[in-house]
Amino acid sequence: MSELPKTTPELPKVTPDLQKILDACHHDPFAVLGRHPQGEKAVVVRVCLPAVREARILPGNLPLERIPNTDLFEWRGPARQVPDRYQLQWQDEEGKTHTRYDPYCFLPQLGDLDLHLFGEGKHWHAYRFLGAHLHTVEGVAGVLFAVWAPNAERVSVVGEFNRWDGRIHQMRGRGGSGVWELFIPSLGPNLLYKFEIRNRDSGHVFLKIDPYGQGFELRPQTSSYTVAAPGHPWGDDSWVQSRKQWNWLHTPMSVYEVHLGSWQRGLDGKFLNYRDLAEKLVAYVSGLGFTHIELLPIAEHPLDASWGYQVTGYFAPSSRFGSADDFRYFVDYCHQHGIGVLLDWVPGHFPKDAHGLAWFDGTALYEYADPRQGEHRDWGTLIFNYGRNEVKNFLVSNALYWLEEFHIDGLRVDAVASMLYLDYSRQPGEWVPNIYGGNENLEAIAFLRELNAVTHAEHPGTLIVAEESTSWPQVTRPTWLGGLGFSMKWNMGWMHDTLEYMTKEPIHRFYHHQNLTFGMLYAFTENFMLPFSHDEVVHGKHSMIDKMPGDPWQRFANLRMLYTYMWTYPGKKLLFMGCEFAHGREWNAAESLEWGLLERDVHLGIQTLVKDLNHLYRNTPALHTYDFEGKGFAWIDCHDSAQSVISYVRQGEEGDDQVIVLLNFTPVPRHGYRIGVTYPGSYKEIFNSDSRFYGGTDVGNVELKTEALPWMGKEFSIMATLPPLGGVILKRQMPVVASPEVEPSVKPSVELSVEPSVKPSVKPSVEPSAE
């Protein structure tokens with residue numbers, strides 16, 4: 001009888017699907033990897049484990065067989081031996097043993113409703129499911145990763161936990177949503193990662209940071225890192241609740257604009273932590289009487305020289321100054337000490353850095369594809385595609401993220417004009433008209449209206465402020481009236497006209513008087529904030545003190561008068577750091593401010609003046625109640641160009657609740673300067689920018705009595721003395737009624753005494769309010 005030939009078990013073969021896994025180009029790795037039925041009672045388990053000697057399945061200690069000459073392993077056998085959730089145990093090439101749950105044995109984690117709302121552009125909290133989040137599935141802890149990359153053939157999570165190998169953790173595509181997800185068990189916080197994306201058309205591979213990442217390495221490194229759940233115990237509930245009823249339209253608001261990296265640094269020249277900054281900054285701005293801090297962008301950015309305006313990590317406070325919880329402490333500390341926090345926010349453009357949003361999945365995903373629409377040539381950046389739902393969702397969700405997760409009181413939206421106009425900074429032929437042939441960016445307009453409607457509805461009392469430099473109508477009017485819906489708009493016209501006027505030698509100001517008066521023609525068409533911002537003290541524009549003409553005394557007198565004009569003019573106030581003490585050189589973001597200047601009386605005098613103006617503004621209703629309404633302002637005389645003098649009334653709620661402002665823009669004192677007044681009686685000087693305590697000459701007034709001499713259409717008049725290059729504020733004294741003496745809320749400026757630099761030089765009778 002002849003002997004039968006021997007047979008050997010058939011070895012696993014590398015099928016086309018398996019080869020795609022090995023090549024990291026499979027669009028659906030869950031169709032290949034993990035546990036799959038084989039008939040009714042059998043299963044096959046496949047895993048991809050590069051740089052592994054051997055592997056097995058737990059429980060059961062079932063050995064996985066390597067597919068020859070590959071990093072793929074298989075096990076085939078009865079289904080009952082492998083539970084739905086199983087672990088893998090393997091020995092690496094160094095002989096170390098690892099045990100982990102297989103990511104490919106878990107079901108999809110993202111909800112269909114989340115994906116639907118995201119696709120519709122209506123998921124206001126997309127940051128809660130996109131990005132990297134600590135997550136638990138059936139008692140198994142890990143991290144759930146999700147990213148939007150609709151033009152990808154394959155997306156992988158790569159990081160220090162898988163040796164940055166894109167074959168190991170290939171993600172699951174969620175159909176037409178364009179979202180990819182993967183739950184990786186056993187991972188925790190503080191692990192570096194990126195997304196490796198293979199474009200489905202070109203096959204090119206891109207290594208990208210997480211657009212929704214909430215933590216990033218310190219530059220020049222660029223990786224995202226997984227973050228723990230927030231751990232800061234908030235203590236500002238009373239602030240947040242009162243903010244909902246805050247009547248900001250009729251209350252004082254004085255903002256100190258700050259660049260955290262250069263306001264103050266440590267003795268070693270390094271950045272201070274958010275926590276240190278909170279205590280130092282709050283003590284300083286509280287003493288100066290400011291109500292709010294506005295931070296230049298602190299979202300993660302790779303280039304210090306961009307000042308934060310070229311953002312890569314939209315959902316992460318910059319690691320330059322500490323962790324996200326450190327920043328929560330910063331905001332909380334401000335709130336608990338009565339200081340609001342605004343944040344500069346940049347939805348108008350983003351940088352071209354290869355690791356960022358640009359060309360994210362191998363296509364123009366976040367930006368417009370046509371460079372005539374999608375590129376800012378002035379800044380070398382890209383423009384968001386506001387017509388794409390997922391991009392709008394990214395931006396609206398980001399705005400809400402800062403308001404909700406960090407209790408920010410408002411956002412100042414950067415470069416709004418560049419968003420509104422398709423031909424912004426472009427020549428004919430370099431831009432594409434809208435569907436009606438116009439230059440309005442209809443998609444950006446719709447986005448801004450939605451942004452404002454959603455943020456105001458979700459977080460009442462928060463402010464959205466537009467940096468908008470054109471005559472676009474109704475920027476701060478409600479969306480239902482056809483407006484853009486912003487809370488306030490920077491008054492760039494007033495700022496430019498005022499600075500242009502102030503830079504003129506006083507002898508020439510006669511010819512430019514309209515620069516002072518023109519702004520009142522449109523002052524109440526919007527809710528305006530008056531800004532002397534960082535943009536005015538860089539790039540050869542000179543510091544505020546160096547803009548002023550004349551000899552040293554005249555330059556400081558001019559600056560004192562300019563600030564007096566600003567604080568008495570209708571509108572909320574914003575002043576950039578350093579300007580409050582006449583910083584000598586232009587702002588340099590790479591260095592701390594020149595704090596040593598405060599050892600000189602002239603600089604200390606400017607700081608004291610700003611303190612007193614803030615406290616006067618906050619404690620005088622006539623100076624803030626009707627900042628946005630015409631009934632809060634009236635000219636006394638706007639025509640005296642020959643003497644370069646203007647005079648006006650700021651009006652409060654009651655008829656006689658008013659102050660009179662007189663400004664003399666020449667170095668010639670004006671004695672016996674007559675103005676008409678409405679009410680008879682005695683008028684007292686409550687502020688004088690020429691006070692010796694500010695560095696002036698003490699030319700001014702003590703008490704002025706009205707005369708029954710009609711003047712300027714008024715029944716009564718007074719004769720005042722106007723100091724050289726100075727401004728005075730007068731207030732009618734109410735008839736004295738027998739009662740215990742009460743300290744006046746603000747003493748005459750000629751009686752001021754210089755206090756330590758962090759205290760107001762005039763003690764208000766009532767502590768500054770939190771609003």
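This section describes two helix pairs and four individual residues in a predicted model.

Two packed helices are described by the angle between their axes and the distance between the axes. In the first pair, helix α8, which spans residues 389-405, packs against helix α10, residues 442-458, at an angle of about 30°, and the two axes lie 10 Å apart. This angle makes α8 roughly parallel to α10, since angles under 35 degrees are classed in that way. The crossing by which α8 passes α10 is right-handed. On the α8 side, the contact is formed by K392, L395, V396, A399, L400 and L403, and these residues meet F447, E450, L451, V454, T455 and E458 in α10. Sorted by class, the contact of α8 with α10 comprises 8 nonpolar residues, 1 polar residue and 3 charged residues.

The second pair consists of helix α14 (residues 552-568) and helix α15 (residues 601-619), whose axes are 10 Å apart and enclose an angle of about 15°. The helices α14 and α15 are therefore roughly parallel to each other. Their crossing is right-handed. From α14, the residues F556, L559, R560, Y563, T564 and W567 take part in the contact, where they meet V602, H603, I606, L609, V610, L613, N614 and Y617 of α15. The contact of α14 with α15 contains 10 nonpolar, 3 polar and 1 charged residues.

Two buried residues were examined for their surroundings. S156 belongs to strand β11, which covers residues 152-159. With a relative accessible area of 0%, S156 is buried, because the cut-off for this class is under 20%. The side chain of S156 forms a polar contact of 2.8 Å with the side chain of R154. A polar atom of the S156 side chain also lies 2.6 Å from the backbone oxygen of G166. When neighbours within four places in sequence are left aside, the residues in contact with S156 are G166, H169, Q170, M171, K194, F195 and E196. G166 thus appears both in this set of contacts and as the residue whose backbone oxygen faces the S156 side chain at 2.6 Å.

H513 is located in the loop between α11 (492-502) and α12 (514-517). Although placed in a loop, H513 counts as buried, at 6% relative accessibility. Its side chain reaches the backbone oxygen of C638 at a distance of 3.1 Å. Apart from residues up to four places away in sequence, H513 touches Y501, C638, H639, D640, S641, S644, V645 and I646. C638 is accordingly one of the residues touched by H513 and the one that offers its backbone oxygen to the H513 side chain.

Two further loop residues are partly exposed. K244 is found in the loop between α3 (237-243) and β17 (254-258), and its relative accessibility is 41%, a value that places K244 in the partly exposed class. The chain separates K244 from G550 by 306 residues, and the C-alpha atoms of K244 and G550 are 48 Å apart. V668 lies in the loop between β31 (658-664) and β32 (670-677). The relative accessible area of V668 is 41%, and V668 is likewise partly exposed. V668 is 55 residues away from P723 in sequence, and the C-alpha to C-alpha distance between V668 and P723 is 7.6 Å.

How values were computed: Residues numbered from 1 in each chain as written. Predicted model: local features only at pLDDT ≥ 70, side-chain atom pairs only at ≥ 80, totals over all residues. Heavy atoms only, no water. Axes fitted to C-alpha atoms, helices over the stretch in contact; angles between N-to-C directions. Helix = DSSP H or I, 4+ residues; strand = E, 2+ residues; numbered from the N terminus. Parallel < 35°, antiparallel > 145°, perpendicular 65-115°, else oblique. Left-handed = near helix turned anticlockwise from the far one by under 90°. Contact = heavy atoms within 4.5 Å. Nonpolar A, V, L, I, M, F, W, Y, C, P; charged D, E, K, R; others polar. Buried < 20%, exposed > 50% of the residue type's maximum accessible area, 1.4 Å probe, protein only. Polar contact = N/O pair within 3.5 Å; in protein donor to acceptor, adjacent residues only side chain to side chain.
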